[in-house]
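The following exercises concern the reading of a structural model. Please examine the sequence and the structure before turning to the solutions.

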Amino acid sequence: RRIAYREHLGRFNRTLGMLCRLYIGGTAHELGHALGLPHNEATPSEGFRWGVALMGSGNFAWRGEQVGKPGAFLTTASVARLLSHPLMTQSNRQRFAPTLAEMDQVHFAARADGGIHLSGSVLADPPAYALIADTDPEGGANYDSHTWTAAVNEQGHFSLDITTLRSVPQELRLTVCHLNGGSSTVIRLPFGPRADADAMAADLTSTLSWRQAEADYLAGKKDRAAARCQQALPQATASIAPRLQHMLKLARGQAATQPLSVLEGDEIHLADVTPELADVGWGAPRRNECYNPPGINQGVCLIVGGAFYSSGLYAHSPSKLRYSLDGTWHRFEATVGLQQGAHQVGTGVFIVRGDGKELARVGPLRMDESAKIQADITGVRQLELVTEPDGESNASSWTVWAAPRLMR
């Protein structure tokens, strides 16, 4: 029996069976979200054995096995989250208690089959019973996230194998499942693409050390952050070692800025110079690091367009940084863009002014975009670095002047 109907996706003429597959499967998928389940995709081995993950595109595959096609199923990670849900346990014990979790002794090792072995320990309250590892490529709204699950024993230890690695930029998320039905995502690490599992394991280990040092720094535990950096540096990968060295410098305390008149050389980084004026549209200006008020984590290291910069000025737009020059400098250069992690609605326009005259303009730039900006400042005595949002709202306009330099 066929049914013609119209919905938000268009007009359709389908069999009653197909309509039921789509709408009952869709209802089950959305019910999964109501019970706290995120999107995920079946791994190749899961798909071969069971079909299509319900929390992926399984809402289009429900009861597919009845018509000779792959059906829908709940991944082990989805089941693990549901095991402690109050509707399943019929218990409200600690249901509304806050969830706290920390991970320690996390170790990544390459497997002979090209995968990654992950082990470590969890300290959690309420107690943890499972750990879920998500490997999620950029974009895709988690629909293409692969999940790997392991039990957490009474001593807090876990061990799991990630047996399918995709050679694309992705994020590893480690989420702890608590006995009260709650969950805590403790670690988020970007990684890949890499040629082999050994390189990925080394990359993940180094990135974890950097992120843990950042977390300690933001929590005010600067001695602990410095110790982590020192311990990780000998084995750090080439891409992460400069960030660890920078974090070590920050944790030990930066040298104070100075008036331009006392600094020597034919090239000066403006992050070392005391500004005459520093106005920002939100928060506070920062040099060589990002602004992080309580409850908001924008990262510590300045990362613009995917590149790390040890020298730079964070100034949320609309902002104005003013410097007194002596007329002997000839060129200004910088890389400009938004701090990594800015929301896609954020924009930034970058303007260089000399003695009130506009000398250069770049933008608008959005998330993950960066550009070079240069200006002839011959004879200039008052230099202004200005940022503006592209429009009325300055939401997520995390504007950064990376490696800003004066040259004679």
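The exercises below treat a predicted model, beginning with a sheet and continuing with salt bridges.

**Exercise 1. The sheet**

Task: Determine which strands stand at the edges of the open sheet of 3 strands, and why one side of each is left without a neighbour.

Solution:
- Step 1. The strand order of this open sheet is E5-E6-E9, and the pairing is antiparallel.
- Step 2. Strand E5 (100-110) and strand E9 (157-162) each have a single partner strand, so one side of each has no neighbour in the sheet; these two are the edge strands.
- Step 3. Direction ignored, neighbouring strands of the sheet are turned against each other by 25 degrees on average.

**Exercise 2. Pairing and packing**

Task: State how many bridges join strand E6 to E9, and identify which strands helix H5 touches.

Solution:
- Step 1. Strand E6 comprises residues 116-125 and is joined to E9 by 6 bridges, the two strands running antiparallel.
- Step 2. One example of a bridge partner in E9 is Asp161, which is paired with His117.
- Step 3. Helix H5 (residues 197-218) packs on this sheet and touches E5 and E6. The direction of H5 makes about 150 degrees with that of E5.

**Exercise 3. The salt bridges of Asp216**

Task: Is Asp216 buried or exposed, and which parts does its pair with Arg228 tie together?

Solution:
- Step 1. Asp216 has a relative accessibility of 6%; because buried means under 20%, Asp216 counts as buried.
- Step 2. Asp216 forms a salt bridge with Arg224, with 3.5 Å between the closest N and O atoms. Arg224 is partly exposed, at a relative accessible area of 41%.
- Step 3. Asp216 also forms a salt bridge with Arg228, where the closest N and O atoms are 2.6 Å apart. Arg228 lies in helix H6 (residues 222-232) and Asp216 in helix H5, so this pair ties together parts that are 12 residues apart in sequence.
- Step 4. Arg228 has a relative accessible area of 23% and is partly exposed.

**Exercise 4. Further salt bridges**

Task: Classify the accessibility of Glu333 and of Arg331, and name the residues that shared partners join into one network.

Solution:
- Step 1. A salt bridge links the side chains of Glu333 and Arg331, at 3.2 Å from N to O.
- Step 2. Glu333 is buried, with a relative accessible area of 17%, whereas Arg331 is partly exposed at 32% relative accessibility.
- Step 3. Asp136, Glu171, Arg173 and Arg188 are joined into one network by salt bridges that share partners.
- Step 4. The count for the model comes to 15 salt bridges.

Notes: Residues are numbered from 1 along each chain as its sequence is written. This is a predicted model: local features need pLDDT of at least 70, side-chain atom pairs count only at pLDDT 80 or more; totals for chains, interfaces and linings use all residues. Side-chain values use heavy atoms; hydrogens and water are left out. Two strands pair if DSSP finds at least two bridges between them. Helices (H or I, at least four residues) and strands (E, at least two) are DSSP runs, numbered from the N terminus. Axes are lines fitted to C-alpha atoms, for helices over the stretch in contact, and angles run from 0 to 180 degrees between N-to-C directions. Contact means heavy atoms within 4.5 Å. A salt bridge is a side-chain nitrogen of Lys or Arg within 4 Å of a carboxyl oxygen of Asp or Glu. Buried means under 20% relative accessible area, exposed over 50%, partly exposed in between (1.4 Å probe, protein chains only).
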